Every structure is written in structure tokens, then in C-alpha cells.
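Okay, thanks for coming, everyone. I'll put the structure up and then walk through some of the contacts in it.

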Amino acid sequence: MDEDFVSLNVHSSVPYSIANYVSYDKLSPKYQSYLAAFSTIVEPTTFTEACQDPRWVEAMKSEIEALKSNHTWDIVSFPEGKTHIGCKWVYRVKYKASGEIERFKARLVAKGYSQKEGIDYEETFSPVVKMVTVKTILSLAAAQHWHIHQMDVHNAFFAGRSL
């Protein structure tokens, strides 16, 4: 067994450590390696942490470039008497089905929870497909013998414009 993996099974002084209850001894060496690699990746929780790793810096640059190329915002003068809504970075490691790292994903998100109805927004929503819709479309495609393709959307933007 790999020496690095064995170190993951060492009991710690943490009360109720999962290492006291879980054993990886019966897993294949390939899956043990996957778990060892998986457990070493740490997603940063702050911008300062992310800036220490070039992979996260590159992910943030990619997100900013996507925001610019999609014309997500315009730089304008801030209206007097209004309050701004801040933003923060969210970091996630995306994995392939095989367990390999696909990419490091950084997303710049608005702190919408700081908005106040009637003051900061009129209508804000994030459309999310429901599972019943996915199942219906797949059933229809199977019944009609349609070809189905899967794709990964790295950035999606819904732009509402007032007339």
C-alpha cells in the first residue's frame, strides 16, 4: 500500500475523527490513490488564499475575461444616494467522471442577500431546470429516436434589459 495513503488512516486527536470509523483497506489501489489525491485539494475560502496558487489566479483571470467578453457589465458613475451590492469569489474544483481534475473554477458572484426589496432591486431570479423537466425531455427524445448531446457550459449569462 502507498505510504502517502497510509498516512491518511492515522488516527488523529480530533474527537470523533472519521479516521476512527472509516477504513480504506478493502479498496483497490487505484481507488485509494484517487481518494488520496482528492483529499489533498483544498478549495480556498478567501481571495487572499486563492492568490497564493497560480491555478486559482488563472481561474479568476478566466472568469474576468468571460465577464468582459460577454459584456456582463458597464462601468458607469455611481448614482448619488444609492448603495452598492458587493461581490465575492467562489472557488470549486471540477472533476471528470474518472476522478481526474477537469479544471479549477472561480466564479465572481454578487452578494444579493444584502439587497432590500423596493430599494435595490425589482426582480431578480436564477432559472434552474427541474429534474421532472429533464426526465420529460429525455423520455420524449427516446420515444422520437432523437440524438442527444451533452455539453458543459462554463459561463452562462441571462441579460434583462429595460426598454
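Let me start with a question: which side chain meets Arg 55 in a salt bridge? It's Asp 53, with N to O at 2.8 Å. Before I go on, please keep in mind that this is a predicted model, so everything I say is computed from it.

Staying with that pair for a second, the two partners sit in different burial classes because Asp 53 has a relative accessible area of 16% and counts as buried, while Arg 55 is at 43% and counts as partly exposed. The cut-off you need there is 20%, since buried means under that value.

Okay, how many salt bridges are there in total? The count comes to 5. The general idea is the one you know: side chains of opposite charge can pair when their charged atoms come close.

Let me pick another one. Arg 92 forms a salt bridge with Glu 43, and the closest N and O atoms there are 3.5 Å apart. Where are these two along the chain? Arg 92 is in strand S1, and Glu 43 is in the loop between helix H2 (29-40) and helix H3 (47-50), so this pair ties together parts that are 49 residues apart in sequence. As for burial, Arg 92 is partly exposed at 44% relative accessible area, and Glu 43 is partly exposed too, at 30%.

Next, Glu 63. Its salt bridge partner is Arg 107, again with the closest N and O atoms 3.5 Å apart. That pair also links distant parts of the chain: Glu 63 sits in helix H4, Arg 107 sits in strand S2, and they're 44 residues apart. Is Glu 63 buried or exposed? Buried, because its relative accessibility is 3%. Arg 107, on the other hand, is partly exposed at 33%. And there's a third residue to bring in here, as Glu 63, Lys 105 and Arg 107 are linked in a network of salt bridges.

Right, on to the rings. The count of aromatic pairs is 3. One of them is Trp 56 with Tyr 91, which is edge-to-face, at 5.5 Å centre to centre and 75 degrees between the planes. Here too we're linking distant parts of the chain, with Trp 56 in helix H4 (residues 54-69) and Tyr 91 in strand S1 (residues 87-95), 35 residues apart. How accessible are they? Trp 56 is buried at 2% relative accessible area, and Tyr 91 is buried at 1%.

Trp 56 has another ring partner, Phe 104. Their centres are 4.8 Å apart and the planes are at 90 degrees, so this pair is edge-to-face as well. Since Trp 56 lies in helix H4 and Phe 104 in strand S2 (residues 101-110), the pair ties together parts that are 48 residues apart in sequence. Phe 104 is buried, just like Trp 56. If you step back, ring pairs link Trp 56, Trp 89, Tyr 91 and Phe 104 into a cluster.

Now the two strands that keep coming up. S1 and S2 run antiparallel, and 9 bridges join them. They form a hairpin with 5 residues between the strands, and in that hairpin Gly 99 takes a positive phi near 100 degrees. Which residue in S2 stands opposite Lys 94? That's Arg 103. Arg 103 counts as buried, because its relative accessibility is 17%. The side chain of Arg 103 also makes a polar contact with the side chain of Glu 102, at 3.0 Å.

A quick check on a helix. Helix H5 (residues 131-144) has 14 residues, so at 1.5 Å a residue it should span 20 Å, and its end C-alpha atoms are in fact 20 Å apart, which agrees. After H5 comes His 145, and its phi is positive, near 60 degrees.

Last item, for those of you thinking about cysteines. How many disulfides does the structure hold? The number is 0. Cys 51 is partly exposed, with a relative accessible area of 35%, and Cys 87 is partly exposed as well, at 46%.

That's what I had, so over to you.

Conventions. Residues are numbered from 1 along each chain as its sequence is written. This is a predicted model: local features need pLDDT of at least 70, side-chain atom pairs count only at pLDDT 80 or more; totals for chains, interfaces and linings use all residues. Side-chain values use heavy atoms; hydrogens and water are left out. Rings of Phe, Tyr and Trp (its six-membered ring) pair if their centres lie within 6.5 Å; planes under 30 degrees apart count as stacked, over 60 as edge-to-face and the rest as tilted. Helices (H or I, at least four residues) and strands (E, at least two) are DSSP runs, numbered from the N terminus. Buried means under 20% relative accessible area, exposed over 50%, partly exposed in between (1.4 Å probe, protein chains only). A salt bridge is a side-chain nitrogen of Lys or Arg within 4 Å of a carboxyl oxygen of Asp or Glu. Two strands pair if DSSP finds at least two bridges between them. The expected span of a helix is 1.5 Å times one less than its number of residues. A disulfide is a pair of cysteine sulfur atoms within 2.5 Å. A polar contact is a pair of N or O atoms within 3.5 Å; within protein, one must be able to donate a hydrogen and the other to accept it, and residues adjacent in sequence count only if both atoms are side-chain atoms.
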